[in-house]
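Work through the exercises below with the sequence and the model open. Each task is followed by a solution in steps.

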Amino acid sequence: MSRPLQSDEELIRRDVRAWLAEQEAKELLRFITCGSVDDGKSTLIGRLLYESKQIFDDQLEALESDSKRHGTQGQRIDFALLVDGLSAEREQGITIDVAYRFFSSARRKFIVADTPGHEQYTRNMVTGASTADLAVLLVDARKGVLTQTRRHSYLAQLVGIRRFVLAVNKMDLVDYDQAAFDAICADYRAFAEKIGIAEWVAIPVSGLNGDNVMSRSDAMAWYSGPSLLEHLDTVPLDAAADAAKPLRMPVQWVNRPNQNFRGFAGQIASGTIGPGAEVRILPSGRLTRVDKVVTMTGELEQAVAGESVTVTLADEVDCSRGDVIAAAGDPPEAADQFEATIVWMADEELLPGRGYWMKIGAQNVTAMVQQPKFEINVNTLEHLAAQTLGLNAIGVAEIATDREIVFEPYAVEGTSPNKALGGFILIDKLTNATVACGMLHFALRRSLNVHRQHLDVSRETHATIKGQKPAVLWFTGLSGAGKSTIANLVEKKLAARGRHTFLLDGDNVRHGLNRDLGFTEADRIENIRRVGEVARLMADAGLIVLTAFISPFRAERHMVRRMMAEGEFVEVFVDTPLAEAEKRDVKGLYAKARAGELKNFTGIDSPYEAPESAEIHIDTTQLSADEAADLVVERLMARR
Amino acid sequence: MRSLTHLDRLEAESIHILRETVAEADKPVMLYSIGKDSAVMLHLAKKAFFPSPLPFPLLHVDTTWKFRDMYALRDKVAADPAIQLIVYKNPEAESKGINPFDHGPIHTDMWKTEGLKQALDTYGFDAAFGGARRDEEKSRAKERVFSFRDRNHRWDPKRQRPELWSLYNVRKAKGESIRVFPLSNWTELDVWQYILKEKIEIVPLYFAAERPTVERDGLLLMIDDERFRMNGETAVMRKVRFRTLGCYPLSGAVESEAATVEEIVAEMLLTKTSERQGRAIDRDGGSASMEKKKQEGYF
């Protein structure tokens, strides 16, 4: 549904082709509206849709009947009901989730992200703001700038919105009084200066009556600025700024229909691209030139920021999904440690040190977040000390990725934000939920500044003296699966062959090194991290290390694997079905867990993530402990 | 420097979504309903992966009650060697002879909702493209581009994944799936403008022509084949077209003179009823009916 403005109707009747030609040249502006239901936000959007004829008669009929049932405007039409789409929202009269609305003017098409105002929906607001060029902040003329106005301004600015409209609504309820409007502007000006919002305009409106929404209202002769729609029609777009920046094109997909064609498909994040352009492929840094920009309807001479294209390169360079094609003379950096602002979006809080999937551009890596440097109080903008981040919390923390990623700082003074290579999401590896989003500030130089002490006796020397190849045999499996039993037998067999070994057992370590740790998820992660570090030191000393820990989470096992040299980490999955382990219940722990006396017990009320590709897989229902130990030794010795 | 129009931007976004799905999903499929939105989505997919053939099959969940013209276009599309088409019919609905005349809402439920779930499970598709748009209906306005479904294909509007920038989370556990809507941000007018600009072939039923019809329950129904049951009515030739296409006994026509895309656009812009109004399916269950159907697994 998309209907023309009144003024267009005549042209459509007369010459629809001419009208369509005009439509084709329209630009697109995406904006967000923030404010609570009390500020009349949904009413204002409803008004924009209504006045630009975006509402059909059958919808109007439904709206009238809904208004009588759930409306808050008595017998009048409640425009808010047009916008609140979920039944829970209509019943409770609140906006829960972001809704996208569409309308157009003579110059532009608009996509409005209508976002909820309450603090508990901060994540939804951030979501809506992430794709917007502009924010319309609603304030009630009777109430003025409130805490939530400041919070919304801050959040919108945080995700890179540079242009703001302060829509002072419900002017009809203050008798269209200029003094009331001026006071609110002065108040907001002070705040905008404080947080660095440079581009903003204030417009006095009445969503209910339509004053200054589409056109300037006679009710406020003292106001000489544009109406809301006039402003939305003329405000500059971020797209122009994006095109003026150096070329960045994240490679999304390699197009290889046959031996003769190898194209790189992606959406141009910034700059322009065309045949002959000198480009650098990152992170490899290889230089080459663009050969062609290929489309179904012919080759392009130039493609610009925002377009999804397929390019071919002059040389056979290595380039795959996640790589970035960039301007040769002005490429982005690659790094693996960063400072970032993080917005936490999940009920389960951040676990510092835990590995999360991080998606940035077309790059997928594992990232660990450190304990936050501070959390930001979104109402007062104060910095608070924080151990972690909970739902809707915003904080600044350091992040380490398991390999280098190509990135750009998200926010850059004076130009559009680098959304494609500066914005990221974090995904829980267990539930696959999107738990956070973030904006990169800069790369940390720590890895360059803090050099490790050089050791004269190298790890190779240690290994050579012992006449063996170091390894970490990492036994994982349920409690009672037989990890310790098998590990013990393996160590005996290796010792018998004159190998230098050491067995790190879960229970023993918890009596000493990890005495301070409990069984919460965070403590279990730290437990494994410490054991991993110790195992690495021992492997550096040339030993064959055996560890027996439940280590239920793939992310942590992966973390330890990454600490070791290539091929040194040997994951041994001691595979005993839960029912079997519980039947054995050597330590009586399952009985306790079933009785509710032990919390977070793996297999009962805490998950076990089985390895997907362990180096050695032992099915204890098929092999005795001794046979299993033989298998491990045999595989270890066969390793080259 | 060229500046992009709103259609350029919508096209680029849709192509990005199509490619992202293909790059990250294990086994994607495109729901092909033969309507104008499907036609646009298919055209975008051809552009996204050119010069490669489509890297996924098309799936038509057939109810056996579509218009004959729709089957004709479907078969023409499938004749392209670069396109693989799967036609799925719910065997239970087929054996029970479920039809729109005798079975009311069960017809849609069994052929479409159940048929779709069965097809996705049978072939193990983990991501399915659909042509739905956010401007069509209120609950769709709140749905993500990548809409996560649990093992039972259910949609939980309260547990949607946040969707930021153009970063889509395509991860899911085994058995779970994702419905992907590349046209989320398109409006009906955008679709028509794009059809015009790109010269995309659509089913002739969208254009006005003399067709045999009867008026029933406020809808103008077309008698497309001999299975149509007359309730003592007589067929009347009317110049009609269809704004949306589904099962022919459930699709209401509008009287119209519009025989070209331009004329359709003009009529659409000057008309006073919304696109879904001709669909019986949205009405049963009140204003929340689409939200409810979606939770149950309807596309």
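**Exercise 1. The nonpolar core**

Find the residues that touch the most other members of the largest nonpolar core, and the element that gives the core its largest share.

Solution. The model is a predicted one. Start with the core itself: it holds 243 residues, and those touching the most other members are Ala135(A), Ala167(A), Val168(A), Leu473(A) and Met30(B). Next, look for the main contributor: helix H2 of chain B supplies the largest share, eight residues. Then take one of the listed residues and trace its surroundings. Beyond four places in sequence, Ala135(A) contacts Phe31(A), Ile32(A), Cys34(A), Ala129(A), Ala156(A), Ile161(A) and Phe164(A).

**Exercise 2. The side of chain B that touches chain A**

State how many residues each chain puts into the contact, and which helix of chain B gives the most.

Solution. Count by chain: 65 residues come from chain A and 61 residues from chain B. Four helices of chain B each bring at least two residues to its side: H1 (6–24), H2 (36–49), H6 (188–198) and H7 (261–270). The most comes from H1(B), with eleven residues. Sorted by class, this side of chain B has 25 nonpolar, 21 charged and 15 polar residues.

**Exercise 3. The six-stranded sheet of chain B**

Give the strand order of the open sheet in chain B and identify its edge strands.

Solution. The order is E3-E2-E1-E4-E6-E5, with mixed pairing. Strands E3 (85–88) and E5 (146–149) of chain B each pair on one side only, which makes them the edges. Ignoring direction, neighbouring strands are turned by 30 degrees against each other on average. At the E3 edge, E2 (58–61) and E3 of chain B run parallel and are joined by four bridges; Val61(B) has Tyr88(B) as its bridge partner. Finally, add the helix: H5 (105–123) of chain B lies across E2, E3, E4 (127–129) and E6 (177–180), at about 145 degrees to E2(B).

**Exercise 4. Phe569(A)**

Is Phe569(A) buried or exposed?

Solution. Locate the residue: Phe569(A) is in strand E28 (569–575) of chain A. Apply the cut-off: a residue is buried if 20 or more other C-beta atoms lie within 10 Å of its own. Phe569(A) has 23 such neighbours and is therefore buried. Its contacts, leaving out residues up to four places away in sequence, are Val472(A), Trp474(A), Val560(A), Arg561(A) and Met564(A). Ala471(A) is 98 residues away from Phe569(A) in sequence, yet their C-alpha atoms are 6.1 Å apart.

**Exercise 5. Unusual backbone geometry**

Describe the setting of two cis peptide bonds and of two positive phi values.

Solution. Begin with what to expect: most peptide bonds are trans, and most residues other than glycine have a negative phi.

- The bond from Leu282(A) to Pro283(A) is cis, with omega near 10 degrees; Pro283(A) sits in the loop between E11 (278–282) and E12 (286–295) of chain A.
- Phe50(B) and Pro51(B) are also joined by a cis bond, with omega about 5 degrees, and Pro51(B) belongs to the loop between H2 and E2 of chain B.
- His153(B), with phi near 65 degrees, is in the loop between E5 and E6 of chain B. It is buried because 21 other C-beta atoms lie within 10 Å.
- Lys199(B), with phi about 50 degrees, is in the loop between H6 and E7 (209–216) of chain B. Lys199(B) has 8 C-beta neighbours inside 10 Å, so it counts as exposed.

Technical notes
Residues numbered from 1 in each chain as written. Chains lettered and ligands numbered in written order. Predicted model: local features only at pLDDT ≥ 70, side-chain atom pairs only at ≥ 80, totals over all residues. Contact = placed C-beta atoms within 7 Å. Nonpolar A, V, L, I, M, F, W, Y, C, P; charged D, E, K, R; others polar. Pairing = 2+ DSSP bridges. Axes fitted to C-alpha atoms, helices over the stretch in contact; angles between N-to-C directions. Buried ≥ 20, exposed ≤ 12 C-beta atoms within 10 Å, placed from the backbone. Core = buried A, V, L, I, M, F, W, Y, C linked by C-beta atoms within 7 Å.
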